[in-house]
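Fancy a few exercises with the structure below? Try each task on your own before you read the solution.

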Amino acid sequence: MRPESMKIFDDLRGQNMVVLENAKQSGRKVVGMYCAYCPQELVLAAGAIPVSLCGTRDEPIADAEKVLPRNLCPLIKSSFGFAITGKCPYFYFSDFIVGETTCDGKKKMFELLKQYKPTHIMHLPQGADRPGALSWWKEELSLLKERLEEELGVTISDDNLREAVKLANSEQRAVKELHELNKLDPAPLSGLDLLTATFMKGFNVNKFEGIALVNRLIDEVKEVIERGGSPFRAGTPRILLTGCPVGIGSEKVIRLLEEGGGSVVCFESCSGYKILAMLTDEDERRDPLEAIAERSLKIPCSCMTPNEGRLGLLGRMIREYRVDGVVDLTWQACHTYNIEAELVRGYVRDNFDIPCLHLETDYSNSDLQQLKTRVTAFIELLDKRWT
Amino acid sequence: MGIDVGSITSKAVLLNGSAWQSVLRPTGYSPRQAGREVFDELLDKAGLARADIGYIIATGYGRTTLDFADKAMTEITCHAKGAHHLVPGADMVIDIGGQDSKVIFTDRQGNVADFSMNDKCAAGTGRFLQVMAAAMGADVSELAELARGEEPVQISNMCTVFAESEVISLLAEGVGRGRIIAGIHRSVAKRVTAMAERIGKGELIAFTGGVSKNEGVREYLARELGREIVVAPESQLAGALGAALLAREKLLNAKVLHEKK
Ligand code: SF4
Ligand code: SF4
């Protein structure tokens with residue numbers, strides 16, 4: 001049985017839009033972000049509303065292709081298409097945009113975006129392991145802070161920052177607790193529901209309400225567990241999803257995996273553990289900016305070199321969630337994740353005796369039939385129950 | 001019984017003890033109808049009725065359209081099973097069909113260990129050969145014959161559309177048909193080899209699917225992979241046979257379970 005509060009999550013995007021419009025009218029500022037490296041704590045500390053603008057739908061891609069090259073990852077095209085067509089109310093309401101130098105496609109796309117909204121591009125280090133990386137990144141955070149103060153006409157104090165860190169941490173704790181309920185076998189939440197619930201945090205205008213809603217869902221799922229309920233039969237193959245970010249609109253592979261008889265129990269990707277694995281240090285004696293920089297620099301994204309943290313995280317999740325197989329989903333033309341797929345495959349093969357499937361696709365439905373065959377064959381390979 | 005509704009041909013295999021019977025016919029426009037037809041034809045041939053068949057597994061791209069089947073399974077699982085029966089001990093199966101090509105690694109018992117498949121483009125599939133054959137005014141079935149003993153020319157485009165115009169300009173330059181076809185065979189083999197080597201190297205390779213009948217592709221494939229490959233005479237039936245074998249496993253297991261109770 002599906003938890004009742006999932007219905008609220010289903011409608012959240014639309015409802016939040018109304019709330020956002022009201023907030024705007026009462027003078028609140030909105031800051032649009034695209035990536036996990038963007039420190040939402042700074043935006044919160046500035047009293048503004050952080051929203052996620054990462055494009056996860058196919059619709060605006062055709063318009064984006066009038067400007068951008070076609071052989072670009074769908075996430076970049078979708079994000080850009082939403083921005084230039086005015087089809088995304090969240091972009092429309094944004095007063096200020098924060099981008100960062102992650103992959104080449106994205107960082108150059110932000111240069112074009114500047115024509116549409118005031119945009120600030122943060123410069124990320126290329127890796128986290130160099131001696132100067134942290135101080136560089138911290139310097140970038142203070143630049144962003146200055147820019148935010150200027151654009152939004154506010155001053156951000158250390159206390160504002162500390163408070164924002166606490167808020168962001170409590171959101172993260174809640175989402176992580178929800179995610180961890182799926183360690184149970186069979187999983188109490190379908191992968192699709194888990195994604196819906198975690199994805200929505202990018203659209204919450206009021207963080208406190210958002211957290212309360214996640215907690216309500218947690219309570220409900222716990223009740224479901226107590227009654228021994230699950231959308232899956234015992235023995236359903238448990239799958240870990242890793243790779244490029246996935247959201248509502250680009251969830252086709254998760255859908256296929258679950259329709260094909262699998263259970264996506266956890267996400268390593270950006271809507272999941274990549275950003276949930278560690279909290280920001282709340283120690284009052286520390287410089288909050290440094291604590292924020294420290295945590296975000298540890299995000300194991302393929303844009304970094306080396307990116308061994310991702311493999312370590314994968315290993316931990318494979319064990320903790322006792323998964324039967326790994327699916328590495330990468331978007332077409334995403335060089336960093338597509339190349340790293342080779343490392344992921346090798347790591348899973350050498351350290352765990354479980355199969356790994358790498359899929360490369362886009363947001364369209366043109367390859368649905370092909371994907372279905374692959375995904376179903378993978379489930380058949382994992383599922384030893386059928387005979 | 002196993003029924004494999006492929007994009008070009010549909011096949012059905014009926015197992016009876018260690019003997020098996022089969023039928024094969026073009027799929028045409030309706031996979032549903034083609035599946036039904038091979039099924040009826042095979043029943044006829046065997047002198048049986050639906051009720052006499054213990055379990056039916058459908059596979060191939062039309063697998064989900066057959067409502068009379070007990071279960072649908074992917075061609076990947078079925079091919080691994082079928083190829084193992086045709087070429088015992090094979091640890092790698094290369095299947096090149098009309099729409100797609102796939103490389104399957106098995107545990108030598110006919111179970112899939114890993115696989116890879118071409119993406120949505122037609123390069124390295126039977127479709128690629130078909131388009132090229134048409135561009136040269138030949139039939140796919142004559143390709144191997146026409147290219148025999150010819151020195152292959154270099155075909156640099158993998159994409160079907162570009163390769164087609166490349167072929168046309170080669171013809172215009174006066175390059176012999178045989179050499180071009182040999183080049184096309186080698187290009188398909190290279191493409192599939194690249195796909196295979198991504199997941200590993202096999203020791204005993206079984207080659208199945210419609211294209212396995214083409215000895216030109218077969219030779220280049222063996223050369224590119226640096227290994228011998230085995231094509232069983234019935235290799236086109238591997239999918240349907242695998243489905244039939246899986247159906248039998250299912251029946252046997254059900255029986256064991258029943259007896260345990
Ligand atoms: S995958 Fe990397 S670049 Fe993309 S949103 Fe996540 S952290 Fe940012
Ligand atoms: S999916 Fe890959 S190419 Fe696309 S924005 Fe993210 S890192 Fe860049």
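**Exercise 1. Find where A:Pro186 sits in chain A, and describe the peptide bond before it.**

Solution. Start with the place: A:Pro186 is in the loop between α8 (158–180) and α9 (191–199) of chain A. (Helices are DSSP runs of H or I with at least four residues, strands are runs of E with at least two, and both are numbered from the N terminus.) Next, look at the bond: A:Asp185 and A:Pro186 are joined by a cis peptide bond, with omega about -5 degrees. Then move on to A:Thr305 and A:Pro306, where the peptide bond is also cis and omega is near -5 degrees. That second proline, A:Pro306, belongs to the loop between α13 (288–297) and α14 of chain A.

Before you go on, a word on the ground rules: this is a predicted model, where local features need pLDDT of at least 70 and side-chain atom pairs count only at pLDDT 80 or more, while totals for chains, interfaces and linings use all residues. Residues are numbered from 1 along each chain as its sequence is written, chains are lettered from A and ligands numbered from 1 in the order in which they are written, and side-chain values use heavy atoms, leaving out hydrogens and water.

**Exercise 2. Work out how many aromatic pairs the structure holds over all chains.**

Solution. The count over all chains is nine. Rings of Phe, Tyr and Trp (its six-membered ring) pair if their centres lie within 6.5 Å; planes under 30 degrees apart are stacked, over 60 edge-to-face, and the rest tilted. Now take one of the pairs: A:Tyr34 and A:Phe110 have ring centres 5.3 Å apart and planes at 65 degrees, so this pair is edge-to-face. The two rings bring together distant parts of the chain, 76 residues apart: A:Tyr34 is in the loop between β1 (30–33) and α2 (40–45) of chain A, and A:Phe110 is in helix α6 (residues 104–113) of chain A. Both A:Tyr34 and A:Phe110 are buried (under 20% relative accessible area; exposed is over 50%, partly exposed in between, with a 1.4 Å probe and protein chains only).

Next comes A:Tyr273 with A:Tyr321: their ring centres are 5.8 Å apart and their planes at 90 degrees, so they are edge-to-face. This pair also links distant parts of the chain, 48 residues apart, with A:Tyr273 in helix α12 (residues 273–276) of chain A and A:Tyr321 in the loop between α14 (308–320) and β7 (325–331) of chain A. A:Tyr273 has 0% relative accessibility, so it counts as buried. A:Tyr321 is buried too, at a relative accessible area of 0%. Finally, ring pairs join A:Tyr90, A:Phe199 and A:Phe203 into a cluster.

**Exercise 3. Name the residues around ligand 1 and say where ligand 1 sits.**

Solution. First list the surroundings, counting residues with a heavy atom within 4 Å: A:Cys35, A:Ala36, A:Tyr37, A:Thr102, A:Lys106, A:Pro245, A:Cys270, A:Cys301 and A:Tyr337. Then sort this shell: seven are nonpolar, one is polar and one is charged. (Ala, Val, Leu, Ile, Met, Phe, Trp, Tyr, Cys and Pro count as nonpolar, Asp, Glu, Lys and Arg as charged, and the others, Gly among them, as polar.) Last, the place: ligand 1 sits in the largest cavity. A cavity is a set of points on a 1 Å grid over the protein atoms alone where a 1.4 Å probe fits but cannot get out, and a molecule sits in it if more than half of its atoms lie within 2 Å of its grid points.

Definitions and conventions: On a 1 Å grid over the protein atoms alone, a cavity is a set of points where a 1.4 Å probe fits but cannot get out, and a pocket is an open set with protein on both sides within 12 Å along at least five of seven lines; lining residues have an atom within 4 Å of a point.
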